[in-house]
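Here is a friendly walk through one protein model, from its overall build down to single residues. Have a look at the structure first, and then read on with it beside you.

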Amino acid sequence: MAVATSLGCAQMSAQQQTAADGKDDNRVVELNPVVVTGNGHHQLLKSTTTPVHVISQRLIKETGSTDFQSVLTRLMPQISFSPNAMGSYIRVNGLGNKYVLVLVNGKKMIGDIAGNVDLNRIDMSRVKRIEVLDGAASALYGSDAIGGVINIITEQTQLNTVEASSDTRVSGKGQFSEGVNLDVSTKYLDSHTSYFHHEADSYQNNGMALDSKGNEYATIAPLFIGFNSNLVNQRFDIKPTDRLSLYVSGAYNYKLTDRPDTREDITGGSDYDMRSEGWRMEAGAKYKLGKNHLQFDFTSDNYHYGNLYQVETSKYHVGDFVRSKTQKYYEAELKGVFHFYDKATTVIGADWRNDFLTATSGDVHNNVYTAAGYVQHDMEIVRNLTATLGARYTKHGAFGSNFTPKVSLMYAPGDFRFRAAYSRGFRTPGLDELYYHYFKIMGKRPVITFGNKDLKAENSHYASLSAEYSNRIFSVSVMGYLNFVNDMIVKENIAVDDDVRQQLAQEFPEATMDQLNQMKTYGHYINSDRGIVKGIQANVSANVTPDLTLLVNYAYTYGRSKTAGEWSALERTFRNSLTAGANYGHTWDGYTLGVNLNARFQSRTFYPAYEDAPGYGVVNLNTTHTFTVGRMFRFMPSLGIDNIFDKKDHRIDTTTRRYALYSPGRMVVVGLKVNFAK
């Protein structure tokens, strides 16, 4: 997690040796990978003025995980996830989903249910690396990038090759994943085909819950809700000339949850499962002009979810599907990358976007567009001192104009890197925050949320300072940051009395008075005065021997918001988190052994006005065994143990799910990857 260094930089073991004479051909590449997220163009990691964290493909494989959420939890202490039936709630450096922009190859990925991101739209078998940019990044990426950017870079094949692979992983609680890839590359045409299947069973750590009055009752409501998902991707790259390249890609994903059915003898069941589908299409072209190039990209992303009934009700039959929400997103971007003089790069671009949201459960049917222009210039001022200056002007269809500048400096004498950065961010209210008129029964508890058409856009000021030292065997870095968010949008809990219940009964005729009598509060979106997040991140990594590497990452985060003159901790934040890893790898003739031990330790998670979730520590072990057969085949079985010390959260909680650790305990993990390349 080192600032502007690769998380995989310490994983330089003999496991990576590919040459017969034992030379480490990948070492230099892993130590200094090419990144794109920080400054909007490809450059070596050590050269970027903007702090970027990189999780390498090799480190992902060494953890033995094929799950995006699991990979980031084990390797990035400043990131956490809270899974539920509607996706996963991401938090980066104290700020949640709506402040974090998730990109695939630099393009926004939509697909959230009640603000929770559907991570099953990410095919981990295709991931080449994951780049994480802390803090405001609106100068390049516009709205929604106040808290940070997670950019998933997918893999490309070599010229004139045919490669096929299968990656299988099985563990406890019905967890199973299978990824199949086929890549064919020729001089003029590349084809990339992939299929990824992922499923898991529901589970409980405690069969009891609390009602709104604090009374215990038995429930079958799961802590983790099982699912079954499928994802298909197809991409074609066309290269008619040396200067011109074209691409077109399409993806389809389908996910169905597996909740326990409603029963008369016990609560916690559901009449329906959640079903979601997504269709994504991308197309673009790149034209080279010597050292310069022009690039055009178009993205169309459609996503919807709803209720697939599994139990006969007075209104619906088994098999009926009732759509709850539809999202559509269209983006067109024209960008030029120019090298007008030596040791300088200028990025100039224009961007148009249109967001559509239809939510029957929230009574929303609206769309909003944005148009933007941006410029960014990287240059060497004097020897060892480089700077980046950037700005973006955005015209928002509902909230007017916004100007977001950025400046960053790097002084790099020898093996040292000193960086300073400032950036302004903004986030316009989501269509749900503006227009929601929402009523739903969750477990025994009714939930009501109102949008607010008078919300103001949020804006932020982010500043960071960092220092880093690294050589081929050792790396240490530290970064401090401040993120000030003005007009932060929060959900205010408003007390419910008899008069309010009568008003709510008129607003929601479908609600019974018995249901409304259980309510203590309802939600209403407002602008708070401000939010502040400050923190420190530190990393140490070392190649202890040619076969053994160590990595330790630490994050301290202190996030608060001020409403009506009172400060409170940001919900679901935690102060301290640490991830650590040890990797051993050695190659004998035709066989490579890899052993990876990783751990995450986290302090208590804050839930203002409720009981905090306790801290935890989870340790995982994974071993990989690579057998090379001839020149074309590799077989890679793996065996590991997740959560070695069987840590669980056994607390009795309400249906609001105030947890930090969602693990079911110790599980054996078995995997097999087969690779063919010609």
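A word on contacts before we start: two residues are in contact when heavy atoms lie within 4.5 Å. With that in hand, take Asn-215, which sits in the loop between β16 (208-210) and β17 (216-218). Neighbours within four places in sequence aside, Asn-215 is in contact with Ala-209 and Leu-210. Is this residue buried, partly exposed or exposed? Asn-215 has a relative accessible area of 42%, and partly exposed covers the range between 20% and 50%, so Asn-215 falls in that class. From Asn-215 to Tyr-462 the C-alpha distance is 44 Å, with their positions 247 residues apart in sequence.

**The model as a whole**

Please keep in mind that this is a predicted model. The mean pLDDT of the protein is 87, and 92% of its residues reach 70 or more. Residues 8-29 have a pLDDT below 50, and this stretch has 63 contacts in the model beyond near neighbours in sequence. Where pLDDT is low, the predicted coordinates should not be read in detail.

The protein has seven helices and 41 strands. Its radius of gyration is 25 Å, close to the 26 Å that the globule rule gives for 678 residues, so the protein is as compact as a globular protein of that length. Along the principal axes, the C-alpha atoms fill a box of roughly 75 × 55 × 45 Å. Of the 678 residues, 54% count as buried. The accessible surface comes to about 28600 Å², and carbon and sulfur atoms hold 57% of it. Among contacts with a separation of 6 or more, 64% are between residues 24 or more positions apart.

**A mixed sheet and the core beside the list of its strands**

Which strands make up the open sheet of five, and in what order? The order is β3-β11-β12-β7-β8, and the pairing is mixed. At the edges are β3 and β8 (107-108), each of which pairs on one side only.

In strand β3 (residues 53-56), His-53 and Ile-55 point one way while Val-54 and Ser-56 point the other way, and all are buried. In a regular strand the side chains alternate between the two faces of the sheet. Ser-56 stands opposite Arg-129 in β11, and on the pairing of β11 with β12, Val-127 stands opposite Thr-154 in β12.

The largest nonpolar core has 26 residues, and those with the most contacts inside it are Phe-68, Leu-72, Ile-79, Ile-130 and Ile-150. Elements that each supply at least two residues of this core include α2 (57-63), α3 (68-75), β11 and β12 (148-154). The largest share, four residues, comes from α3. Another core, of 15 residues, lies apart from it, with Leu-101, Ala-145, Val-347 and Tyr-374 among them. In soluble globular proteins, nonpolar side chains tend to be buried together.

Ile-130 links several of these names: leaving aside neighbours within four places in sequence, its contacts are His-53, Val-54, Ile-55, Ile-60, Phe-68, Leu-72, Met-124, Ile-150 and Asn-151.

**Strand pairs side by side**

The table sets out four antiparallel pairs.

| Strand pair | Sense | Bridges |
|---|---|---|
| β3 and β11 (127-134) | antiparallel | four bridges |
| β11 and β12 | antiparallel | seven bridges |
| β20 (272-289) and β21 | antiparallel | 18 bridges |
| β21 and β22 (321-338) | antiparallel | 16 bridges |

Strand β21 (residues 292-309) appears twice in the table, with β20 and with β22. How many of its 18 residues are buried? The count is 14, and β21 is mostly covered. β20 and β21 form a hairpin with two residues between them, and Gly-290 in the turn has a positive phi of about 65°. Across this pair, Arg-275 has Gly-306 in β21 as its bridge partner. On the other pairing, Thr-299 stands opposite Glu-331 in β22.

**A buried serine**

To finish, look at Ser-561 in strand β35 (residues 548-563). Why does Ser-561 count as buried? Its relative accessibility is 6%, and buried means under 20%. Not counting residues up to four places away in sequence, Ser-561 touches Met-488, Arg-530, Gly-531, Glu-566, Trp-567, Ser-568 and Leu-570.

Conventions: Residues numbered from 1 in each chain as written. Predicted model: local features only at pLDDT ≥ 70, side-chain atom pairs only at ≥ 80, totals over all residues. Heavy atoms only, no water. Buried < 20%, exposed > 50% of the residue type's maximum accessible area, 1.4 Å probe, protein only. Pairing = 2+ DSSP bridges. pLDDT = per-residue confidence, 0-100. Rg over C-alpha atoms; globule rule 2.2 N^0.38 Å. Areas by Shrake-Rupley, 256 points an atom, 1.4 Å probe, with all protein chains shown as cover. Core = buried A, V, L, I, M, F, W, Y, C linked by side-chain atoms within 4.5 Å.
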